[in-house]
Amino acid sequence: MGIKRIYDRLFEEYGSQGWWPVTPVGGCKGVKPEGPIYGVALKNEKQKIEIIFGAILTQNTSWKNVEKAIISLNNEDLINVDKIIKIDKTELAAVIKSAGYYNQKALKLKNIAEFLKKYPIKALENMELGKARELLLAVNGVGPETADSILLYALNKPIFVVDAYTKRMFDNLGLIKKDDSYDNVQEFFMKNLPADAKLFNEYHALIVEHAKRYYSKKPYGTKCFLRG
DNA sequence: GCCCAGGAGCCCG
DNA sequence: CGGGCTCATGGG
């Protein structure tokens, strides 16, 4: 099966995923279990910042744990570039504890906040994709997947996000090799799909949803309906 | 107890 | 340039 056909099958199976989940306007304080929600089409600036922070927090970490950290950040009114720059690193680490790697991630959040101070969201949105990607990758703590998640989900740029699930699943389906580089896998998708941010957004989210079900436990993909 | 989560940096051959 | 190590909480 080609990758466009796979997309169609996944969409048919799961429908729109509404990524990236963000906290609704007005926050989640006092509205208890309410965390980030799905299906927000137009995001305000604060929500875009939350996506950028979330992209860092979710590095090698389950979204469930990240969600708690994001709720804490909201409740402390820390979805804010200046406040992240200002807050003590140890204090920030405590707020995001549930997301794991909290010392590293506290530093990474401060790094990206400094970056956003220099290159505000609007400047990045108006920037050419390749240029914005290059600048993001120069930030310590931002690798290819995080940079591409930011470009796609916060800045709405048409770039395909590759993650561990993508590699595992498409290796298992025989379309790539698992030791292919990030850039090679990304190129494979982008060469075979139209450069459409909405499509890339949905496709990556669908891969995550599908892989959580069929590619999280070994042996991978045994009951996957995309095989054959 | 083990493996895995919507990775990245660093060091080393 | 590729491979191994570290970072850390939380669920299955």
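Leaving aside neighbours within four places in sequence, Asn201 is in contact with Trp19, Leu152 and Tyr153. This residue belongs to helix α12, and because its relative accessibility is 14%, below the 20% cut-off, Asn201 counts as buried. The model described here is predicted, and the report now turns to the surfaces near the two DNA strands.

**DNA strand B**

Around DNA strand B there are 28 residues, of which Trp20, Gly141, Thr146, Tyr165 and Arg168 are the closest. Of the atoms of DNA strand B that come within 4 Å of the protein, 67% are accounted for by sugar and phosphate. Sorted by class, the surface near DNA strand B comprises eleven nonpolar, eleven polar and six charged residues. Arg168 places a polar side-chain atom 2.2 Å from a phosphate oxygen of this strand, while Gly141 has a backbone N or O atom 2.8 Å from a phosphate oxygen of DNA strand B. In the case of Asn60, a polar backbone atom is 3.0 Å from a sugar or linking oxygen of DNA strand B. The elements that contribute two or more residues to the surface near DNA strand B are α6 (102-118), α9 (144-154), α10 (164-172) and α12 (197-214); Asn201, described above, is found in α12.

**DNA strand C**

The residues around DNA strand C are Asn60, Asn65, Lys68, Lys97, Ser98, Gly100, Tyr101, Tyr102, Asn103 and Gln104. Sugar and phosphate make up 57% of the atoms of DNA strand C that come within 4 Å of the protein. By class, the surface near DNA strand C divides into two nonpolar, six polar and two charged residues. Polar contacts with this strand include those in the table below, which lists the protein atom, the atom of the strand and the distance for each.

| Residue | Protein atom | Atom of DNA strand C | Distance |
|---|---|---|---|
| Asn65 | polar side-chain atom | sugar or linking oxygen | 2.9 Å |
| Tyr102 | side-chain N or O atom | phosphate oxygen | 3.1 Å |
| Asn103 | backbone N or O atom | phosphate oxygen | 2.8 Å |

Two or more residues of the surface near DNA strand C come from each of the elements α3 (63-75) and α6, and α6 gives the most, with three residues. Helix α6 is also listed among the elements that give two or more residues to the surface near DNA strand B. Asn60 likewise appears in both settings, being one of the residues around DNA strand C and having a polar backbone atom 3.0 Å from a sugar or linking oxygen of DNA strand B.

Terms used
Residues are numbered from 1 along each chain as its sequence is written. Chains are lettered from A and ligands numbered from 1 in the order in which they are written. This is a predicted model: local features need pLDDT of at least 70, side-chain atom pairs count only at pLDDT 80 or more; totals for chains, interfaces and linings use all residues. Side-chain values use heavy atoms; hydrogens and water are left out. A residue is near a molecule or strand if one of its heavy atoms lies within 4 Å of it. A polar contact is a pair of N or O atoms within 3.5 Å; within protein, one must be able to donate a hydrogen and the other to accept it, and residues adjacent in sequence count only if both atoms are side-chain atoms. Helices (H or I, at least four residues) and strands (E, at least two) are DSSP runs, numbered from the N terminus. Ala, Val, Leu, Ile, Met, Phe, Trp, Tyr, Cys and Pro count as nonpolar, Asp, Glu, Lys and Arg as charged, and the others, Gly among them, as polar. Buried means under 20% relative accessible area, exposed over 50%, partly exposed in between (1.4 Å probe, protein chains only). Contact means heavy atoms within 4.5 Å.
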